[in-house]
Amino acid sequence: MWTFMLLGLLCASASASAIQARSSSYSGEYGSGRGEPFSHAALQLQGPITAIRVRVDSFNIAGLQVRYGKVWSDYVGGKLGDLEEIFLHPGESVIQVSGKYKYYLRKLVFVTDKGRYLSFGKDTGTSFNAVPLHPNTVLRFISGRAGLFINAIGLHWDNYPRNC
């Protein structure tokens, strides 16, 4: 009798974990394998993505910084080029990211659920288009590689945070 109860409890636990795991997905890594790795995984606990800063020079995406809730990530990348900053509207989320890369990222386009296209950089290189695997999920955090420029980017998708 206890064996069946334990087996039932284990199956229910495994089923709940499988359901929860199906909401998250990963796209990338787009770009080269050079540069130092970075990840904003812990910052997603501060809240949803609320703003994005991108530094763009004549050819490449030089740097990147993302605000989670009210907390800015560390700046990654180089200091060349112009710094551009875009704030998301309250409740707005990124639902698609596309861009181009060669040795470094050259272009990034963030598409929001409010129909906005937030575009940075130049339109040259190999194209990529990233969307979440599961419906009703959004961009939760960014990872990648950086040096003097942004070498590569990874995009992590999951449900919009419930506590916001």
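This is a conversation between a student and a tutor about reading a predicted model.

Student: Where should I begin: how many helices and strands does the chain have?

Tutor: Start with an inventory of the elements, and keep in mind that this is a predicted model. The chain has one helix and 13 strands. Reading from the N terminus, the order is α-β-β-β-β-β-β-β-β-β-β-β-β-β.

Student: How do I get an overall feeling for the chain, and what share of its residues is buried?

Tutor: Look at burial, surface and contacts together. Of the 164 residues, 43% are buried. The accessible surface is about 9,100 Å², and 56% of that belongs to carbon and sulfur atoms. For contacts between residues at least 6 apart in sequence, 60% join residues at least 24 apart.

Student: Now the sheets. In what order do the strands of the sheet with β1 and β2 lie?

Tutor: Follow the pairing from one edge to the other. Here the order is β1-β13-β12-β2, an open sheet of four strands with antiparallel pairing. At the edges are β1 (25–31) and β2 (36–39), and each of them pairs on one side only. From one strand to the next, the twist averages 15 degrees.

Student: How many bridges join the strands of this sheet?

Tutor: Take the pairs in turn. β1 and β13 run antiparallel and are joined by six bridges, with S25 opposite W157 in β13. β12 and β13 pair over eight bridges, also in the antiparallel sense, and A146 stands opposite I150 in β13. A hairpin with three residues connects β12 to β13. Finally, four bridges join β2 to the antiparallel strand β12 (residues 138–146), where F38 faces G144 of β12.

Student: How many residues of β13 are buried?

Tutor: For a strand, go through its residues and check each for burial. In β13 (residues 150–158), eight of the nine residues are buried, so the strand is largely enclosed by the rest of the structure.

Student: What is the strand order in the sheet that holds β8 and β9?

Tutor: That one is an open sheet of four strands too, ordered β10-β9-β8-β11, and its pairing is antiparallel. β10 (117–121) and β11 (126–130) each have a single partner strand, so one side of each has no neighbour in the sheet. Neighbouring strands are turned by 10 degrees against each other on average, direction ignored. Within the sheet, β8 (residues 94–101) and β9 (residues 105–112) pair over seven antiparallel bridges. One example to find on screen is S98, whose bridge partner in β9 is V109.

Student: I can see rings around these strands. How do I describe a pair of them, and how many aromatic pairs are there?

Tutor: A pair of aromatic rings is described by the distance of the centres and the angle of the planes. The structure holds four aromatic pairs. One of them is Y101 with F128, a tilted pair at 6.3 Å centre to centre with 40 degrees between the planes. Since Y101 belongs to β8 and F128 to β11, the pair ties together parts that are 27 residues apart in sequence. F128 counts as buried, because its relative accessibility is 6% and the cut-off is under 20%.

Student: And what are the distance and angle for F110 and F120?

Tutor: Their ring centres are 6.2 Å apart and their planes stand at 75 degrees, so this pair is edge-to-face. The pair links F110 in strand β9 to F120 in strand β10, 10 residues apart. Both F110 and F120 are buried.

Student: Which residues do ring pairs link into a cluster?

Tutor: Here, look for a ring that is shared between pairs. Y30, Y101 and F128 are linked by ring pairs into a cluster.

Student: Which charged residue sits over the ring of W72?

Tutor: For this feature, check the charged end against the ring centre. The residue is R53, with its charged end over the ring of W72 and 3.7 Å from the ring centre.

Student: One last case: is S93 buried or exposed?

Tutor: Find its place in the chain, then its burial, then its neighbours. S93 is in the loop between β7 (82–87) and β8. With a relative accessible area of 4%, S93 is buried. Leaving out residues up to four places away in sequence, S93 touches L88, V111, T112, D113, V138 and Y160.

Methods. Residues numbered from 1 in each chain as written. Predicted model: local features only at pLDDT ≥ 70, side-chain atom pairs only at ≥ 80, totals over all residues. Heavy atoms only, no water. Pairing = 2+ DSSP bridges. Helix = DSSP H or I, 4+ residues; strand = E, 2+ residues; numbered from the N terminus. Axes fitted to C-alpha atoms, helices over the stretch in contact; angles between N-to-C directions. Buried < 20%, exposed > 50% of the residue type's maximum accessible area, 1.4 Å probe, protein only. Contact = heavy atoms within 4.5 Å. Areas by Shrake-Rupley, 256 points an atom, 1.4 Å probe, with all protein chains shown as cover. Phe/Tyr/Trp six-rings, centres within 6.5 Å; stacked < 30°, edge-to-face > 60°. Lys NZ or Arg CZ within 6 Å of the ring centre and 35° of its normal.
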